[in-house]
Amino acid sequence: MTLVNQQIQLASRPQGEPGADNFRLVELPVPALADGQVLVKNHYLSLDPYMRGRMNDGKSYAQPQPLDTVMIGGTVGEVVDSRHPGFVPGDKVVGMGGWQLYTVVDAAQPGLLRKVDTTHVPLSAYLGAVGMPGVTAWYGLTQIIAPKAGETVVVSAASGAVGSAVGQLAKARGCRVVGIAGGADKCGYVVDELGFDACVDYKAQPDAQALLAALQTAAPAGVDGYFENVGGAILDAVMAQMNAFGRIAFCGMISGYNGEPIPMRAPQLILTQRLKLQGFIVSEHMQLWPEALKELGTAVATGRLKYRESVAQGLAAAPEAFLGLLKGRNFGKQLVRLA
Ligand code: NDP
């Protein structure tokens with residue numbers, strides 16, 4: 001019997017804010033496996049802000065997503081058929097399966113498919129705290145901010161997949177940790193459940209002055225390290241509170257992903273405060289992933305690294321869930337349950 005796959009393709013490129021009409025759900029047969037290939041039934045799809053950039057046709061660090069092909073995306077699932085000696089049905093795996101129910105993977109190609117152990121870490125966590133977002137947090141914090149105990153570290157999009165890990169990893173290194181997040185629920189969560197020292201609800205601040213004042217209250221000794229996920233007015237506020245020789249890891253600038261201009265209000269602070277600003281792309285540092293994943297996996301397995309998930313049900317729900325992620329409607333790592 002031929003298995004039927006469902007996949008979501010990029011149907012058109014958005015002008016500004018994307019909409020559901022940029023995506024198309026199609027059905028097609030699962031092809032027979034060739035030698036060296038593995039068939040994976042995807043259990044969870046990861047939705048990530050970087051996908052917005054891939055929908056554009058412009059110059060970036062990565063190639064645009066081609067039109068009329070399955071949307072790129074990280075997945076975890078189970079091997080259901082294998083013509084590769086390294087994989088057998090039942091193996092739990094993580095890979096870039098895309099927005100679809102089944103993926104045929106050339107398992108002989110190194111790095112495309114990785115077996116994971118779900119004894120102590122739930123399968124879905126390999127897309128979040130013990131996956132790409134966790135490693136992103138680990139890299140920006142340890143390799144760029146490199147905080148010392150007693151320093152103050154601020155992170156924006158603090159309740160999200162990356163931000164929540166940044167704060168907890170910084171706490172574990174003896175820092176004062178301040179989150180910035182949208183809404184009282186998200187702020188309450190990062191302080192009460194994740195153990196951040198304070199959180200600024202940027203949506204509750206009427207203007208830039210109020211945002212800065214709230215940040216000054218939350219970080220009275222100034223900011224030594226800032227993990228930037230958002231850009232715009234939030235970056236301006238944190239820049240104004242940076243201590244001399246502070247470090248800013250530029251991880252994401254989600255407030256500008258639909259093409260909104262996000263100028264930096266006071267770049268002279270880079271000079272006067274002798275700041276170090278560095279952008280990074282986590283997939284360019286694969287040599288450090290094993291070290292990062294070891295720390296993250298152990299911390300999750302022992303309950304020291306907590307995380308939260310927003311789970312949409314079924315492939316057809318993926319476009320709306322993705323659009324919601326770009327508007328802050330997710331609360332924690334955004335996933336889609338496929339099986
Ligand atoms: P999150 O789980 O944090 O979800 C995105 C969050 O961004 C939303 O929940 C929302 O939180 C916030 N947000 C959305 N729109 C805006 C806006 N206009 N202004 C301010 N905040 C907004 O996502 P991730 O943890 O997966 O990603 C966090 C950041 O890290 C992103 O910028 C992403 O692009 C980046 N990233 C970069 C990588 C790299 O290699 N450089 C790798 C992985 C991620 P709230 O409600 O609190 O505003």
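**Ligand site, pocket and cavity**

I started at the ligand: one of its nitrogen atoms sits 3.3 Å from a polar backbone atom of Leu 326. I count a pair of N or O atoms within 3.5 Å as a polar contact. This is a predicted model, so I kept local features at pLDDT of at least 70 and side-chain atom pairs at pLDDT 80 or more, while totals for chains, interfaces and linings use all residues. Numbering runs from 1 along each chain as its sequence is written, and side-chain values use heavy atoms, with hydrogens and water left out.

Next I looked at the ligand's oxygens. The side chain of Lys 186 puts an N or O atom 2.7 Å from a ligand oxygen, and Val 282 has a backbone N or O atom 2.8 Å from a ligand oxygen. Taken alone, the ligand exposes 900 Å² (Shrake-Rupley, 1.4 Å probe), and the protein buries 91% of that.

Which residues come nearest? Out of 27 around the ligand (a heavy atom within 4 Å), they are Val 162, Lys 186, Tyr 202, Tyr 257 and Asn 330. By class I get 17 nonpolar, 9 polar and 1 charged in this shell, with Tyr counted as nonpolar and Gly as polar. Helices α2 (132-145) and α3 (161-172) each supply at least two shell residues; helices here are DSSP runs of at least four residues, strands of at least two.

Why does the ligand lie between domain 1 (4-128 + 308-337) and domain 2 (132-283)? Because both give residues to the shell. The bounds come from an automatic or database assignment.

Then I went to the second largest pocket, about 400 Å³ in volume. A pocket is an open set of points on a 1 Å grid with protein on both sides within 12 Å along at least five of seven lines, and lining residues have an atom within 4 Å of a point. Its lining has 26 residues, with Met 96, Gly 97, Gln 100, Thr 103 and Val 104 nearest the centre. Strands giving two or more lining residues include β1 (4-10), β2 (23-29) and β3 (37-46). The largest share, 5 residues, is from β6. The class split of this lining is 15 nonpolar, 10 polar and 1 charged.

Last, I checked for closed space, where a 1.4 Å probe fits but cannot get out. I found 1 cavity of 30 Å³ or more, and the largest cavity is about 40 Å³. Among its lining residues are Ala 129, Tyr 189, Arg 308 and Lys 333. Each of domain 1 and domain 2 gives at least three residues to the lining.

Terms used:
A polar contact is a pair of N or O atoms within 3.5 Å; within protein, one must be able to donate a hydrogen and the other to accept it, and residues adjacent in sequence count only if both atoms are side-chain atoms. Grid points are joined across faces, edges and corners, and a volume is the space filled by probe spheres set on the points.
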